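This report goes through a protein model, with attention to its pockets and to a few residues in its interior and loops. The sequence and the structure come first.

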Amino acid sequence: MGLTDLLSKYGSQYFQALLTTWRLTAVSFAGAFLIGILITVARVSPIRPLRIFGDIYVQIFRNIPGAALLILLVYALPYLQIVLPYDVCVTTATVLIPSAFCSEHLMSGMNTISPGQIEAARALGLTFLQMIRRIIIPQALRSSVLPMTNLLVATMLTTSLASQVPMRPRDLTGIVSYINTHDTGGVMAFVISAALYCLTALVIGKIGSLVDRKVRILR
């Protein structure tokens, strides 16, 4: 089946799959970003158990394969009498893994902050949370725009895990499996999805570069 035939027959489904991928990416990245900030705060906290918890969290979810985590959520949790919808399982997997990398990027951003600023904040009597909110996190975010942009692209690619479960509506990888199961899409079905992934990644990269130039801290 050629490009024209595929688009004429499945064009609307490809568009729906693209929207599904965008939705999963946005929700997953937002969740990963918030959890990543919380884990980062825990990792630099003066409370030792929180630091240990944060480090263990990052080590676990940074090193577990996405497919393995999804299998645990979909097939292992029912043995504990916990049954989650497929979309919740996919979203959970695509939040937990990127959140660990988000924390690593923020930690790297924190390393760019001058120790003198922390000492000055302590001299002014700022508490730990005040330093985190007013000094550390804002600068760490400004220093990690490009790594966060790459993380957003990686999160988008991670949403392809949705193709491993019968989720509706399908994502860009799932629509390829559907087409090749019900028709003869061949390689061209993959090419269309790959092109849509690439175009989305290029747009994300361009926006990330523009944001980085706006907020970059010149030292």
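## Ser99 and its surroundings

Ser99 touches Ala32, Ile35, Gly36 and Tyr57, leaving out residues up to four places away in sequence. The model is a predicted one. Ser99 sits in helix H4, which covers residues 86-110. With a relative accessibility of 0%, Ser99 counts as buried, because buried means under 20% relative accessible area. The side chain of Ser99 also makes a polar contact, at 2.7 Å, with the side chain of Tyr57. Tyr57 is thus named both among the residues that Ser99 touches and as the partner in this polar contact.

## Overall architecture

The protein has nine helices and zero strands. Read from the N terminus, the order of elements is α-α-α-α-α-α-α-α-α. The C-alpha trace spans about 70 × 45 × 20 Å along its principal axes. Of the 219 residues in the protein, 39% are buried. Among contacts between residues at least 6 apart in sequence, 77% join residues at least 24 apart.

## The two pockets

The table sets out the two pockets by volume, by the helix that gives the most to the lining, and by class of lining residue.

| Pocket | Volume | Helix giving most | Lining by class |
|---|---|---|---|
| Largest pocket | about 260 Å³ | H9, five residues | nine nonpolar, three polar, no charged residues |
| Second largest pocket | about 200 Å³ | H6, three residues | six nonpolar, two polar, one charged residue |

The largest pocket is lined by Phe29, Leu141, Ser144, Val145, Met148, Thr149, Leu152, Ile204, Ile207, Gly208, Val211 and Val215. Helix H7 (145-158) and helix H9 (186-215) each supply at least two residues of this lining. The lining of the largest pocket has no charged residues.

The second largest pocket is lined by Met110, Asn111, Ile113, Ser114, Ile118, Arg122, Phe128, Met131 and Ile136. Here helix H5 (115-123) and helix H6 (128-143) each supply at least two residues. One residue of this lining is charged; Arg122 is that residue, because Arg belongs to the charged class.

## Residues of the largest pocket

Which residues does Thr149 touch, not counting residues up to four places away in sequence? They are Ile204, Gly205 and Gly208. Thr149 lies in helix H7 and is buried, with a relative accessible area of 10%. Among the residues that Thr149 touches, Ile204 and Gly208 also line the largest pocket.

Gly208 is placed in helix H9. Its relative accessibility is 5%, and Gly208 counts as buried. Apart from residues up to four places away in sequence, Gly208 touches Val145, Leu146 and Thr149. Val145 and Thr149 are also part of the lining of the largest pocket. The contact between Thr149 and Gly208 joins a residue of H7 to a residue of H9. Gly208 and Gly109 are 99 residues apart in sequence, and their C-alpha atoms are 16 Å apart in space.

## A loop residue of the second largest pocket

Is Ile113 buried or exposed? Ile113 counts as buried, at 8% relative accessibility. Ile113 is found in the loop between H4 and H5 and is one of the residues lining the second largest pocket. Leaving aside neighbours within four places in sequence, Ile113 is in contact with Ile118, Ile135, Ile136, Gln139 and Ala140. Among these contacts, Ile118 and Ile136 also line the second largest pocket. The C-alpha atoms of Ile113 and Ile217, which are 104 residues apart along the chain, are separated by 10 Å.

## Cysteines

How many disulfides does the structure hold? The structure holds zero disulfides. A disulfide is a covalent bond between the sulfur atoms of two cysteines. Cys102 is buried, with a relative accessible area of 0%. Cys198 is partly exposed, at 47% relative accessibility, because that class lies between the 20% and 50% cut-offs.

Technical notes: Residues are numbered from 1 along each chain as its sequence is written. This is a predicted model: local features need pLDDT of at least 70, side-chain atom pairs count only at pLDDT 80 or more; totals for chains, interfaces and linings use all residues. Side-chain values use heavy atoms; hydrogens and water are left out. On a 1 Å grid over the protein atoms alone, a cavity is a set of points where a 1.4 Å probe fits but cannot get out, and a pocket is an open set with protein on both sides within 12 Å along at least five of seven lines; lining residues have an atom within 4 Å of a point. Grid points are joined across faces, edges and corners, and a volume is the space filled by probe spheres set on the points. Helices (H or I, at least four residues) and strands (E, at least two) are DSSP runs, numbered from the N terminus. A disulfide is a pair of cysteine sulfur atoms within 2.5 Å. Buried means under 20% relative accessible area, exposed over 50%, partly exposed in between (1.4 Å probe, protein chains only). A polar contact is a pair of N or O atoms within 3.5 Å; within protein, one must be able to donate a hydrogen and the other to accept it, and residues adjacent in sequence count only if both atoms are side-chain atoms. Contact means heavy atoms within 4.5 Å.
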